[in-house]
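Here are a few exercises to work through with the model open beside you. Try each task before you read its solution.

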Amino acid sequence: MGTAENDEEGGILKFSVNGKLQKVSPDISSQTLIQYLRDSGLTGTKLSCGEGNCGACTVLITSKKGGEFERYTVNACTTLVCTLHGSEVTTVEGLGSTQTTLHPVQERLYSCHGSQCGFCSPGMVMSMAGVLCKNSTPDIEDIVTGLQGNLCRCTGYRPILEAFSTFSSKPLAKSDQKFDSAEEEVETYDVSKFKDLKPEDLQISENTKQVLENIEQVKCVRFKSDGSKWFYPSTVAEALCLSKQFPEAVYRQGGTGGYKKFSSTEMKTVISLSSVLKMKEIVIQEEGILIGGGVTYSELVEGLKNLDIVKHRSAEVLKDTAAKIASTQLRNVATLVGGILWDHSASDMLPILTVAKAVLLVESEEGQRKIPVRPHVTKELSQGDIVGAVFIPNNSINDIIVYKKQAKRKTVELGVVNMALLANFENAVPHVSIVIGGVDLAVKQSTEGELIIASNVEKHLISIKDFPKSSTSALLKAIQLDFGKDQNQYKIQIISEMLTNIFKSEKKWNLKSHQLFEKTSATQSMIDPITRPVPHISAAEQCTGEAEYTGDVPKLANEVFLFPVHSTQSHAKIKSINTENALRVPGVVSWVSAQDVPGANIFAGAGPPDEHIFPEQDVHFSGQIIGVIAAVTPDAGKQAVSLVEVSYETKEALLSITDAVAKNSSFEISKLERIQDAELLKSTNKSFNGQIKLGGQLHIYMETHGAVAIPGKEKSEMIIYSSNQSISGVQKAVASALKVPQHKIVVKAKRIGGGFGGKEGPLITLITAVAANKLGRPCRLALDRTSDVLSMGHRHETHADYEIGFDETGKITKAKFECNFNAGCSRDLSVPWGATLLNRLDGGYSLKNFEGKAYPRKTNLTSNTAFRGFGGPEGTAIIEECIERIAQITGKDPAEVRKINLTRENDLLHYGDTKVYDDNLMRCWEDCIKKSDYFEKRKEIEAFNANPGNKNVRRGISIVPIKFAPFMPLKFLNQASAYVRIYTDGSILLSHGGIEMGQGLHTKMLQVASRVLKVPMEKFHLIETSTEININTTSTGGSTGTDLNGHAVVLACEDLAAKLAPLRDANPDMPWEQVIFQAYLQRIPLTAYGFYNRSQVEVDPKTNTGLAFNYLTTGVACTVVEVDCASGNHQVLSTNIVMDVGQSLNPAIDIGQVEGAFVQGYGYMTMEEVVHGLNGEIATNNK
């Protein structure tokens, strides 16, 4: 490559995107890649977390390394444009599209039902493309590794892994579950129809190669906007010369950040070491291995294959650990040296390199010097030093080296404890070296700890003769001497467990799955899609990046971006807000706050309005949005936010349920009581009481809250695009805030990237509309993940006290509950949530004698809201705790206790006066017992647990029933509308009032319409949900979307079918298109409006009477788990789920919903945690 001439402003960066050459000015090259792509109209690359942890923004990079072109995945949100010179960027749009042809990866993810809300799908596609670029026939471990950095909140991952495993020579296996082939079906897709993966699907085109070959090397880029410079030296000597010339310069290597030692330095001048090829080398020398300072983790893993297992034990452990660090996308750019210089207590690399006696080769003006790797090694570096390489010496023949890590999850997670040990007991002088690190687990917050050389443990292990055996007490004493008696006892126990089981290897599990569903009748018409596993109607577009979400609405002329300023206090009076410095930032347009709301600055969830759009005098929780900065660029907006100064006068804050109970702080209390079996009550001969505490849960929908508001030029009109589950609720709230009639406000939503109940509140859309109204120009607000977590509600933290009576058979004779839950600072939906929790405290059982109270505790925390299940998961967890205690007291199998309490046909539940119509829950129970082989598995588990060799490992089995009533609690909410139009060419346009958020609602609506009109689904098109077409819509939630809107679609289509019946009956063979044209000629109306209002569900809470449900969905799940009792590590070994959802409209979609809900619930109960800081702020906020 030649060298570009550099003018005063520096060189123009050149790279390729999807085969098209990009010439980027220095100002733009300071952007992140995702910002550049999305500003360029390539919105298939999604922004979700913004820090490289979710994979939604994954793209494929092609660059030349060592004369060869290499392809690898990166996160676009952490990649700067100025690092891409001479590279090719392939986005999801560059793989394929529905307008041309789908790439095989896109086709299989779509066809195998691996895309629900679709927001993660482009990233999944690109990550799999990256896997295939390395190996066109990967095994399942390759695929799982390639997807480690990709999150999905909808599917539960099974269909994604299954789709991608079809590229493997050994696809994801089906379990050996027996089924009735006459009644049941097992396949939801046809593998034989998939396109073959061809070499050209993965290769770099010759045109792209030529484009990249012709791009000259650039030496320097200077950004006009702020005068900062980026240099690209090609040798260490050049880099040192530049550092001398610019002493303030910061070195940058991997691309995930600057060297942390100098992170406080303003990065005006950056020296990128990415072009120093010498630092990319791995050299195996006689005395050890030399790893260049620019070698990425992925290059390290590849370069250290086939080592001498005796001489290079340390390097082998380093390689194996590097393969598990972070995600594939991050490993492809992050470097070993970057990890060392991060110098964090939870570093995976530092402990290994320290015990291995590795050495840093540091280059400076004075020459090369060697520094042993050890904790806080950065203190021995000076500004301007370059770590050119890491040297790992060979091991002695009897060296033992092991690395252990305990974290909340296996990848992309800091260790609670990590430990490296190198020992040699065969030498004349025994040697043990141990380094232990991790993050501290405080009661309220996770904090960084210290990386410790465990000298006392080392002495103890040398002193004993039979390593790794040691008395537990002596070992614990040595650990406490190193860490101090005040150290977290869980952490000390983990260290002890690691040392006593130092050679214990991690188990590998075989992934198998099996999905059974009711077979479609052989007599059903082939064009009737009901009961068939039809793919999600937008899944193909979701997998190609063509599907449009709120944030993908094209940028409008004169548009501004909005950036929130959050309260840092939980409860305080706002004394002053100083925006003077913020408004001076070039590109900042305005500050928008409470004084800019022309109408009501308050809105309601359920109940009287009590939540402010912007605070007027007081803030009520840490994270509350005080106001927003309006700016023409994201960079200007973010800079201005940091310059807004808010002063407070603090007030007493209630930061826990306990605080609120002590102060009797509560919203309206719900009560429910029914004594319906006095004889059963008399049979009570045993009882107990207790308490269960359930934590909160963040929704983590992949698409954060967002809105685009476009003010009209006349009559106070406004069009709004909102990622909300309740567009009519948004319309009503915006009209109130802007002091205009509702008909002036049109709210639209094509789809949203996941909701789970967390997108029913109108706040973000209200803020956007207020700003657009004030400025008279389009405004766009898309919360970053941190802002979303800080300001949006989540699942209610709940404390439940219970008192249970039962008889000798285990039958529950009476149940009394008192539930206190964290509502947060406003009502939102907490009052009806509490009432519904009382309804759902019975789980899958019938409680004949029930008494319950629910207290929505008012605190100075984020206002909590609806979350999937709306009290159901909490109610089930509470009653299952009681069932388990009954089993323990009586000595019975918990399954026996569950069965005797199971809800049966004709049971009257403890709410409403509707008796259960069927015995389907018992049918599910018996089917699950049979399919799971429950009793045989229980015997196997008892034998496993009795084995002395499994002392610290226990297996367990549980079978749990549930029932769920899909309903809206108030009768007036049980309404919906649909509008169907047939055009003269026979095409049909459908709209309804429901919101598509991944649950397949739109797909099911077209299936229903297709059946009623007896027309293939391909004839239909469904447009965005809009308040100008479907008015006064009910929020999509409570599992009612299909019931309400589907009935409306049926009514509209039945109307049209009746109008067309005379023509079709008279001409049964006439093609549909001709029927429609003849109807047009005969002036038969070809539009129909369906309105559904027939549901009578409504229970009077005062009298506890009324129709409680139209029907129940029921199910039973049997799960086998393995738990390491010392560490807390757990593994689901198998799960069998049997669900009765009636006659499934779409088995593939319903299976996806069941699996996704199971995994989300598994996360809630075992892994996910909402941690509040000392000031009430949410500490688990992605920072």
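**Exercise 1.** Find the residue of β41 that stands opposite K816.

Solution. Start with the two strands: β40 covers residues 812-824 and β41 covers residues 849-858. Strands here are DSSP runs of E of at least two residues, helices are runs of H or I of at least four, and both are numbered from the N terminus. Next, look at the pairing: β40 and β41 run in the parallel sense and share 9 bridges; two strands count as paired if DSSP finds at least two bridges between them. Now step across from K816, and you arrive at E851.

A word on the source: this is a predicted model, in which local features need pLDDT of at least 70, side-chain atom pairs count only at pLDDT 80 or more, and totals for chains, interfaces and linings use all residues. Residues are numbered from 1 along each chain as its sequence is written, and side-chain values use heavy atoms, with hydrogens and water left out.

**Exercise 2.** Work out which strands stand at the edges of the sheet that holds β40.

Solution. First write down the order, β33-β41-β40-β39-β34, an open sheet of 5 strands with mixed pairing. Then check the ends: β33 (670-675) and β34 (686-694) each have a single partner strand, so one side of each lacks a neighbour in the sheet. Neighbouring strands are turned by 10° against each other on average, direction ignored. Finally, add the helix: α26 (residues 872-890) lies across β34, β39 and β40, at about 140° to β34. Axes are lines fitted to C-alpha atoms, for helices over the stretch in contact, and angles run from 0 to 180 degrees between N-to-C directions.

**Exercise 3.** Trace the hairpin of β50 and β51, and find the residue with a positive phi.

Solution. Begin with β50 (residues 1113-1124) and β51 (residues 1130-1140), which are antiparallel and joined by 10 bridges. One facing pair is V1123 and H1130. Between the strands lie 5 residues, and G1128 takes a positive phi near 90°.

**Exercise 4.** Sort these salt bridges by where their partners sit: E316 with K319, E1028 with K748, and K963 with D842.

Solution. A salt bridge needs a side-chain nitrogen of Lys or Arg within 4 Å of a carboxyl oxygen of Asp or Glu; the whole structure has 46.

- E316 and K319 meet at 3.0 Å, N to O. They are 3 residues apart in helix α10 (residues 313-322), so about one helical turn separates them. Both are buried, meaning under 20% relative accessible area.
- E1028 and K748 have their closest N and O atoms 3.1 Å apart. This pair links distant parts of the chain, 280 residues apart: E1028 is in the loop between β46 and α31, and K748 is in strand β37. K748 is buried, at 13% relative accessible area.
- K963 and D842 come to 2.9 Å between their closest N and O atoms. K963 belongs to strand β42 and D842 to the loop between α25 and β41, 121 residues apart. Both residues are buried.

**Exercise 5.** Decide how S364 is placed: buried or exposed?

Solution. Locate S364 in strand β14 (residues 359-364). Its relative accessible area is 9%, so S364 is buried. Now list its contacts, that is, heavy atoms within 4.5 Å: leaving aside neighbours within four places in sequence, S364 touches L240, R369 and D385.

Terms used: Buried < 20%, exposed > 50% of the residue type's maximum accessible area, 1.4 Å probe, protein only.
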